[in-house]
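Please look through the sequence and the model shown here before reading on. The paragraphs that follow lead from burial and the nonpolar cores to the pocket, and end with some points in the loops.

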Amino acid sequence: MGVGGSLGVGGSRLREIWPFSTFSQKILAFRKRFRYISPAMIPAASALFLISTTPVEYDADDFTLPTLKPMLAHTYEGQTIGGWRMGEKLDGVRATWDGEKLISRRGNVFATPSWFLAQLPAGIPLDGELWIGRGQFQKTVSTVKKSIPLDHEWALIRFRVFDAPQHRGGFETRLEFCASVLKNCAVASIIEHTLCMGQDHMEEFFESLIAEGAEGIVLRAPRSLYENRRSPKMLKYKPFDSDEATVIGHEPRALVVRWRGVEFKLSAGIPADVLAHPPAIGSAVSFSFCGVTDSGCPRCTTYLIERSYE
């Protein structure tokens, strides 16, 4: 497939969008708009820009982008979110359905029962969470990380979908598409989203879900495209934040980890069996925290889990 096909945008359409007079201007514009393009693609891409025409207007509904890696959220820090969509942030395991198999955030294929896969829409990529229920994260991880899946455990799993990475249109259009293709699916459904009327409405929505045991909420910008990166058009809001750190050492009752260039000891919340057989040096572990100190060290840290399930 040519560059135009692999990007989901026809060559003629690209020539309409980028009416630049010089080759270098065209390549720079191309790389700015499609950030994931590699240098190796530039020679093949150059053929698309040899002809310049009159510019035309375009919007989110004009593009279809491929799934190279999942879209990730920034943290909500007071941004203006009126007109955005907001939905529950599930405490599940991130998964992408590529139309044939379920794939982890790190690109590993989940060992999934055939009867589960058979109920998902063939050939239609979807993004979501494998989820059992609120407060069931460890149970979910235990189920999906097994190399040989157990039917009775997967019977509790649901694939909760919030996006269709390769479908045309902005976020609202893609979510409606997800609802339509999953209408009669027994193992998957969309995460419902509500139109946010402003800061007060968002706080009310957030507090009501937290009171019911939710992990937090996710906000999506109106008519935003799917981006294969951490995007400011997708925000997460939780009572406690969480992130990943790299294990760089072991102590009798703690892990020594590095996070954003800062080294600290992670001890709270580590189960006895993890202390007895700690994650290997270089492993990634998840932890929660509530803000950072002036020196950038996370406060109130708590161990969550080793990221070996992805």
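A residue is called buried when its relative accessible area is under 20%, exposed when that area is over 50%, and partly exposed in between. By that rule Thr143, with a relative accessible area of 2%, is buried because its value falls under 20%. The model in which this value was computed is a predicted one. Thr143 has its place in helix H6, and, once its neighbours within four places in sequence are left aside, Thr143 is in contact with Ile132, Glu153, Trp154 and Ile157.

Taken as a whole, the protein has 310 residues, of which 46% count as buried, and its secondary structure consists of 10 helices and 15 strands. Among the contacts with a separation of 6 or more, 69% are made by residues 24 or more positions apart.

In soluble globular proteins, nonpolar side chains tend to be buried together. In this model the largest nonpolar core has 27 residues, and those with the most contacts inside this core are Leu102, Phe116, Leu120, Leu126, Leu130 and Phe159. Two or more residues of the core come from each of strand E3 (93-97), strand E5 (126-131), helix H6 (137-144), strand E6 (158-163), helix H8 (171-181) and strand E7 (188-190). A second core, separate from this one, has 15 residues, including Tyr76, Cys196, Met202 and Ala221.

Strand E6 also holds Phe162, which has a relative accessible area of 9% and is therefore buried. What does Phe162 touch, leaving aside its neighbours within four places in sequence? Its contacts are with Arg94, Asp127, Gly128, Glu129, Phe171, Leu175, Ile191, His193, Arg220 and Met234. A further pairing can be followed along the backbone, where the C-alpha atoms of Phe162 and Cys178 are separated by 7.5 Å although the two residues are 16 residues apart along the chain.

From here the description turns to the pocket. The largest pocket has a volume of about 950 Å³ and is lined by 39 residues, of which Lys89, Leu90, Glu215, Lys238 and Ser242 lie nearest its centre. Divided by class, this lining comprises 15 nonpolar, 9 polar and 15 charged residues.

Glu215, one of the residues that lie nearest the pocket centre, is found in the loop between helix H9 (199-211) and strand E9. Is Glu215 buried, partly exposed or exposed? With a relative accessibility of 28%, Glu215 counts as partly exposed, because this value lies between the limits of 20% and 50%. The side chain of Glu215 makes a polar contact of 2.9 Å with the side chain of Lys89, another of the residues named nearest the centre of the pocket. Beyond its neighbours within four places in sequence, Glu215 is in contact with Lys89, Leu90, Asp91, Ile210, Lys238 and Pro239. Glu215 and Tyr237, which are 22 residues apart in sequence, have their C-alpha atoms 8.9 Å apart in space.

Glu88 is found in strand E2, which spans residues 85-89. Glu88 is a charged residue by class, yet with a relative accessible area of 15% it is buried. The side chain of Glu88 makes a polar contact with the side chain of Arg134 at 2.9 Å, and the residues in contact with Glu88, apart from neighbours within four places in sequence, are Arg134, Ile191, Leu209, Ala214, Gly216 and Ile217.

Two loop residues call for attention to their backbone. Most residues other than glycine have a negative phi. Arg223, although not a glycine, has a positive phi of about 55 degrees; Arg223 is found in the loop between strand E9 (216-220) and strand E10 (230-237), and is partly exposed, with a relative accessible area of 42%. Arg260 is likewise not a glycine and has a positive phi, of about 50 degrees. Its loop joins strand E12 (254-259) and strand E13 (262-266), and at 64% relative accessibility Arg260 counts as exposed, because that value is over 50%.

Ala276, finally, has its place in helix H10, residues 272-276. At 52% relative accessibility Ala276 counts as exposed, and its C-alpha atom is separated by 8.6 Å from that of Pro252, the two residues being 24 residues apart along the chain.

Terms used: Residues numbered from 1 in each chain as written. Predicted model: local features only at pLDDT ≥ 70, side-chain atom pairs only at ≥ 80, totals over all residues. Heavy atoms only, no water. 1 Å grid on protein atoms, 1.4 Å probe; cavity = no way out; pocket = protein on both sides within 12 Å on 5 of 7 lines; lining within 4 Å. Points joined across faces, edges and corners; volume = space filled by probe spheres on them. Helix = DSSP H or I, 4+ residues; strand = E, 2+ residues; numbered from the N terminus. Buried < 20%, exposed > 50% of the residue type's maximum accessible area, 1.4 Å probe, protein only. Polar contact = N/O pair within 3.5 Å; in protein donor to acceptor, adjacent residues only side chain to side chain. Contact = heavy atoms within 4.5 Å. Core = buried A, V, L, I, M, F, W, Y, C linked by side-chain atoms within 4.5 Å.
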